[in-house]
Amino acid sequence: MGDPIYLDNNATTPIHPWVVAAIEPYLHGHPGNPSSSHAPGLEAAAAVAAARGEVADLLGCHPDEVVFTGGGSEADNLALKGVAWAHRHRGRHLVVSAVEHPAVLETARFLAREGWDITVVGVDRTGRVQPEAVTAALRDDTVLVSVMHSNNETGTINPIAEIATAAHARGALVHTDAAQSTGKVPIRVDDLGVDLLTVAGHKLHAPKGIGALFVRRGVILEPVIHGAGHEGGRRAGTENVPWIVGLGAACALAASEGLDAYATRVRPLRDRLHELLAAAIPGLVLNGHPEHRLPNTLNVSVPGVLGRRILEACPEVAASTGSACHEGDDVVSGVLGAMGVPPEVAHGALRLTLGLLTTAEEIEVAGAALVRAVAQVRAAARVR
Ligand SMILES: Cc1ncc(COP(=O)(O)O)c(C=O)c1O
């Protein structure tokens with residue numbers, strides 16, 4: 001058997017050939033440090049500046065509002081800790097949602113150990129955070145609200161603009177973790193009205209280990225990594241030039257054709273996969289919002305069967321049962337639990353996520369293989 005069909009793009013995406021081509025010259029040559037004033041240094045600085053412009057163009061912000069980080073987790077840490085540490089005189093209260101990635105939830109828990117009060121807002125049955133729930137959680141001493149743009153397990157998209165309006169009305173700053181959304185759906189910081197926004201390169205066909213935090217002009221942050229004055233004094237460390245170039249290229253690709261491709265090609269393929277599974281698997285349940293959902297994400301449950309067993313019986317497909325970070329056990333996903341999905345349904349969850357490189361043929365083959373695997377696992381359960 002060849003390589004399995006890759007349907008785990010929310011865990012990570014393959015680096016797009018276009019991005020590889022942009023990075024390659026910076027692996028073979030261009031050795032300069034962007035802080036150096038000789039020609040190779042200036043060349044490296046120009047490459048970083050160009051990439052910053054490409055990220056800014058995709059987000060609709062100023063280049064100086066983009067802080068490069070070592071990935072989505074670091075961007076989330078910088079948003080929460082950076083704001084909390086710089087604004088502690090204003091209050092000691094943070095609001096997060098129950099379905100945030102651990103990069104936000106664990107950072108909030110860390111801040112709780114430092115004496116911050118954390119309110120965790122729940123979600124509805126589709127995984128959406130309701131703006132009214134955020135409004136109810138806000139206090140006079142709320143410093144920051146952090147609600148993800150879309151969820152990594154279900155793809156459910158949150159009403160961030162309404163949440164931001166509610167939070168700003170009470171004087172709180174707003175962060176959104178858009179790690180899963182950037183490059184898949186339009187993300188414009190002014191439309192969302194957010195003050196901080198997380199980007200993770202490896203979710204949009206750039207390498208792992210590079211990300212960015214949008215920090216609106218005027219928002220003060222305490223750095224998490226102290227040192228020299230890189231990134232406008234917000235994140236010390238010599239810039240990872242090749243990976244920054246890669247993130248810039250991935251953002252340029254998203255802006256030029258990727259967003260269109262997700263809307264017009266990937267979404268129909270995702271829906272075709274759903275159709276193939278729903279037609280052949282009685283009782284299949286969709287987890288997540290039917291419409292307000294990332295175009296590449298299909299999270300479905302086969303009730304009464306462990307999702308893990310289905311994937312074990314389906315070596316033709318590389319997918320996931322929940323978020324990659326929680327895998328390897330039969331504990332119900334925290335996200336599905338927060339949505340109120342009953343345990344016997346949540347245990348049967350499969351997260352099937354497509355990318356720009358997924359083909360129509362792969363979807364047909366993967367659909368058939370998954371249907372076969374479900375039948376096999378159900379038959380084995382009946383025998384026992
Ligand atoms: C929603 C979300 N936030 C943050 C992260 C963390 O990003 P990274 O893996 O680049 O640290 C991920 C990746 O799994 C994610 O899905």
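## A guided tour from a salt bridge to the ligand

Begin by selecting D8 and R351, whose side chains meet in a salt bridge with 3.3 Å from N to O. With both residues shown as sticks, trace the backbone away from each of them: D8 sits in the loop between strand 1 (5-6) and helix 1 (17-28), while R351 belongs to strand 12 (residues 349-353), so that the pair links distant parts of the chain, 343 residues apart. Side chains of opposite charge can pair when their charged atoms come close. Keep in mind throughout that the model is predicted, and that the count of salt bridges comes to 15.

Next, colour the chain by domain, using residues 5-13 together with 258-383 for domain 1 and residues 17-253 for domain 2, as the domain assignment of the protein gives them. The centres of the two domains, taken over C-alpha atoms, are separated by 28 Å, and the contact takes 35 residues from domain 1 and 33 residues from domain 2.

Now turn the view to the boundary between the two colours. About 2700 Å² is buried between domain 1 and domain 2, and carbon and sulfur atoms give 58% of that area. How many salt bridges are counted between domain 1 and domain 2? The count is zero, whereas 18 residue pairs are found in polar contact across this interface, with both residues of each pair at pLDDT 80 or more.

To see what domain 1 brings to this boundary, select helix 9 (241-280), strand 10 (297-301) and helix 11 (334-338), each of which supplies at least two residues of the side that touches domain 2. Sorted by class, that side of domain 1 has 15 nonpolar and 18 polar residues, along with two charged ones.

Finally, select the ligand and display the residues around it. There are 13 surrounding residues, and the closest are G72, S73, D177, Q180 and K203. Which atom of the ligand lies 2.6 Å from a polar side-chain atom of D177? It is a nitrogen atom of the ligand. Moving on to Q180, look for a polar side-chain atom that lies 2.8 Å from an oxygen atom of the ligand, and then add H202, where a polar side-chain atom lies 2.9 Å from an oxygen atom of the ligand. The tour ends here, with the side chains of D177, Q180 and H202 in view beside the ligand.

Methods: Residues numbered from 1 in each chain as written. Predicted model: local features only at pLDDT ≥ 70, side-chain atom pairs only at ≥ 80, totals over all residues. Heavy atoms only, no water. Domains from an automatic or database assignment. Contact = heavy atoms within 4.5 Å. Buried area = accessible area lost by both parts, 1.4 Å probe. Salt bridge = Lys/Arg side-chain N within 4 Å of Asp/Glu carboxyl O. Polar contact = N/O pair within 3.5 Å; in protein donor to acceptor, adjacent residues only side chain to side chain. Helix = DSSP H or I, 4+ residues; strand = E, 2+ residues; numbered from the N terminus. Nonpolar A, V, L, I, M, F, W, Y, C, P; charged D, E, K, R; others polar. Near = heavy atom within 4 Å.
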